[in-house]
Amino acid sequence: MAKLILTLNLILICLQMAFSKAVDEHTVLLLNFDGDSLVIDQGVLKKVKDLSGNGNDAFVNTQGGEPAVNLTKKPSGPPKVVEGKFGNALYFDGTNFLEVPSSKTIEITDQITLEAWVKPEVLSMGEDNMTVLTKDCSYYMVLRENGHLATYFYGLNPPGYHLSKSTLKEGKWSHIAITADGSKVRLYINGKLDSEISSSGKISVSECGAPQSIGIGAEVRIPERGQPNHRYFKGCIDEIRVSDTARSEEEIKESFMHGLQVGVEPSDKLPLTWGRLKRRNER
Ligand SMILES: [Ca+2]
């Protein structure tokens with residue numbers, strides 16, 4: 001009996017370790033679109049709370065955190081809350097977007113990791129990029145050239161877009177991740193390294209003047225930039241994390257396998273985890 005209890009305890013500890021890494025000292029932005037992180041006022045989604053503890057909340061259809069004034073397309077409304085890869089996700093219809101106004105914690109110059117789950121409805125919106133997450137004039141995580149994951153870092157050499165070898169599929173969930181560690185830029189798809197490029201330099205934060213906002217679902221141009229938003233996304237986005245470290249392949253595989261578990265006390269965590277694993281296996 002003692003042996004059984006010990007074994008069960010060990011399993012519990014291992015599971016808690018496996019599911020407790022989503023927020024650490026390097027997590028600067030975490031949006032999982034679940035539960036109370038969705039701020040809904042009179043039935044309308046207004047804001048998504050950042051669960052990293054850094055206050056980098058995402059505002060719906062704004063520029064500079066204020067109502068948008070300079071758009072190429074009138075948003076149809078807020079992105080819809082839909083069933084996600086884990087819990088809820090948001091569906092972007094090619095006219096709406098989220099904005100995370102710039103702050104010191106997302107003005108990253110050295111090591112970085114960008115991660116998300118995406119289910120693109122189309123692989124092109126007629127522009128060069130479909131934006132998953134872009135900090136204009138700084139760091140980009142986009143789909144390009146019919147479903148390639150692509151990145152662009154201002155300040156890093158060599159300049160230009162770097163594309164994944166494999167492509168994402170329409171209507172299917174894929175986990176995507178991009179890291180830069182000062183010497184390599186790496187692209188991951190579904191927890192596996194897809195490609196890497198040697199790089200040097202530091203990521204720019206203010207190449208276009210003032211530091212720009214992060215846009216999710218579109219590249220957000222704040223009014224000071226004097227240009228309209230563009231590069232809209234059509235499809236679902238879930239489980240966004242930005243980190244100020246280059247996460248390892250193991251850590252990226254971990255988010256791919258288990259999602260970003262946050263805001264759950266250990267006593268509640270295990271049943272929730274089992275529920276999620278069960279749902280995952282049923283899909
Ligand atoms: Ca979610």
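This is a short walk through one predicted protein model, from confidence to sheet to core.

Okay, confidence to start. Mean pLDDT for the protein chain is 89, with 86% of residues at 70 or more. Two stretches need some caution. Over residues 12-20 pLDDT stays under 50, and the model gives them 10 contacts beyond four places in sequence. Residues 265-275 also stay under 50, with 9 such contacts.

Now the sheet. It's an open one, 9 strands, antiparallel pairing, and the order reads 2-3-4-9-18-11-12-13-14. At the edges you've got strand 2 (38-41) and strand 14 (162-167); each has a single partner strand, so one side of each has no neighbour in the sheet. On average, neighbouring strands here are turned by 25 degrees against each other, ignoring direction.

Let's look inside that order. Strand 11, residues 129-135, runs antiparallel to strand 18, residues 214-216, and 3 bridges join them. Thr134, for instance, has Gly215 in strand 18 as its bridge partner.

Over in strand 4, residues 58-60, sits Phe59. So is Phe59 buried or exposed? It's buried, because 22 other C-beta atoms lie within 10 Å, and the cut-off for buried is 20 or more. Beyond four places in sequence, Phe59 touches Lys47, Gly65, Leu98 and Glu99. Its C-alpha is also 8.3 Å from that of Pro101, which is 42 residues away along the chain.

Last stop, the core. The largest nonpolar core has 67 residues, and those touching the most other members are Ala116, Val132, Met141 and Ile237. Take Met141: outside its four-place neighbourhood, its contacts include Ala116 and Val132, plus Leu114, Leu133, Thr134, Thr151, Ile176 and Ile178. Thr134 there is the residue we just saw bridged to Gly215.

Definitions and conventions
Residues numbered from 1 in each chain as written. Predicted model: local features only at pLDDT ≥ 70, side-chain atom pairs only at ≥ 80, totals over all residues. pLDDT = per-residue confidence, 0-100. Contact = placed C-beta atoms within 7 Å. Helix = DSSP H or I, 4+ residues; strand = E, 2+ residues; numbered from the N terminus. Buried ≥ 20, exposed ≤ 12 C-beta atoms within 10 Å, placed from the backbone. Core = buried A, V, L, I, M, F, W, Y, C linked by C-beta atoms within 7 Å. Pairing = 2+ DSSP bridges. Axes fitted to C-alpha atoms, helices over the stretch in contact; angles between N-to-C directions.
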